[in-house]
Amino acid sequence: MRTTTMLMTAAAFFCTIAACDGPKEKAGAAKDEAAANASGVPYQGDGPAERAGRAADRVDRAAAKALDSRADALEDQGRAIEAQADAEADKLEQQAESIRDAAKAKAKKLNQQAESLKSSS
């Protein structure tokens with residue numbers, strides 16, 4: 001899960017660096033080109049719909065990045081809870097072992113007392 005998140009983040013990063021067009025930017029460019037062609041003007045690129053699409057794509061990427069960050073934080077929180085539970089379980093196991101050892105020692109002492117009483121009679 002974490003590897004997938006890192007791969008998605010890396011892909012978004014490289015896409016941003018390479019200035020690749022997002023889906024909304026491409027749709028805006030097509031809309032701008034169609035409008036330019038309809039009015040008989042050659043399309044120069046970077047029209048208003050394309051710029052709006054580019055901004056929307058940036059918003060989408062930022063939202064996806066925020067979701068990835070939140071998911072990573074939740075995964076980290078889950079790992080921390082598991083580690084804490086493991087530590088507490090280890091401590092309880094040590095306490096249980098200590099209680100068992102004390103009970104065995106007490107039982108041994110009582111058995112010795114019982115043997116002593118039996119042999120004295």
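Trainee: Is Glu-25 buried or exposed, judged by its relative accessible area?

Mentor: Relative accessible area is read in three classes, with buried under 20%, exposed over 50% and partly exposed in between (1.4 Å probe, protein chains only). Glu-25 has a relative accessible area of 5% and is therefore buried. Please keep in mind that this is a predicted model, in which local features need pLDDT of at least 70 and side-chain atom pairs count only at pLDDT 80 or more, while totals for chains, interfaces and linings use all residues. Residues are numbered from 1 along each chain as its sequence is written, and side-chain values use heavy atoms, with hydrogens and water left out.

Trainee: What percentage of the residues of the protein count as buried?

Mentor: Of the 121 residues of the protein, 12% count as buried, and Glu-25 is buried. The accessible surface of the protein comes to about 9500 Å², of which 61% belongs to carbon and sulfur atoms; such areas come from the Shrake-Rupley method with a 1.4 Å probe, and for residues only the protein chains shown count as cover.

Trainee: Which secondary structure elements does the protein have, and how many?

Mentor: Helices (H or I, at least four residues) and strands (E, at least two) are DSSP runs, numbered from the N terminus. Here the secondary structure comes to 3 helices and 0 strands, and from the N terminus on the elements run α-α-α.

Trainee: At what angle do the axes of α2 and α3 cross, and how is that angle named?

Mentor: Axes are lines fitted to C-alpha atoms, for helices over the stretch in contact, and angles run from 0 to 180 degrees between N-to-C directions. The axes of helix α2 (residues 23-38) and helix α3 (residues 48-120) come within 7 Å and cross at roughly 170°. Angles under 35 degrees count as roughly parallel, over 145 as roughly antiparallel, 65 to 115 as roughly perpendicular and the rest as oblique, so α2 and α3 are roughly antiparallel to each other.

Trainee: Which residues of α2 and α3 meet?

Mentor: Contact means heavy atoms within 4.5 Å. On the α2 side, Pro-23, Lys-24, Glu-25, Gly-28, Ala-29, Lys-31 and Asp-32 take part, and on the α3 side they meet residues including Pro-48, Glu-50, Arg-54 and Asp-57. The residues of this contact of α2 with α3 divide into 5 nonpolar, 2 polar and 8 charged. In the protein, residues 24 or more positions apart account for 57% of the contacts with a separation of 6 or more.

Trainee: Which side chain meets that of Glu-25 in a salt bridge?

Mentor: Side chains of opposite charge can pair when their charged atoms come close. The term salt bridge is used for a side-chain nitrogen of Lys or Arg within 4 Å of a carboxyl oxygen of Asp or Glu, and a search of the whole structure finds 5 salt bridges. In one of them, the side chain of Arg-54 meets that of Glu-25 at 2.8 Å, N to O. This pair links distant parts of the chain, with Arg-54 in helix α3 and Glu-25 in helix α2, 29 residues apart.

Trainee: Which other acidic side chains meet Arg-54 in a salt bridge?

Mentor: The side chain of Asp-46 does, at 2.8 Å, N to O, and so does that of Glu-50, at 3.7 Å. Arg-54 and Glu-50 are 4 residues apart in helix α3 and are therefore separated by about one helical turn. Salt bridges that share partners join Glu-25, Asp-46, Glu-50 and Arg-54 into one network.

Trainee: How do the members of this network differ in accessibility?

Mentor: Glu-50 is buried, with a relative accessible area of 9%, and Glu-25 is buried as well. Arg-54 is partly exposed, at 25%, and Asp-46 is partly exposed, at 37%. Glu-50 also touches Gly-28, Ala-29, Asp-32, Tyr-43 and Gly-45, among others, not counting residues up to four places away in sequence.

Trainee: Where does Asp-46 lie, and what is its phi?

Mentor: Most residues other than glycine have a negative phi. Asp-46, in the loop between α2 and α3, has a phi near 60°, a positive value in a residue other than glycine.

Technical notes
Ala, Val, Leu, Ile, Met, Phe, Trp, Tyr, Cys and Pro count as nonpolar, Asp, Glu, Lys and Arg as charged, and the others, Gly among them, as polar.
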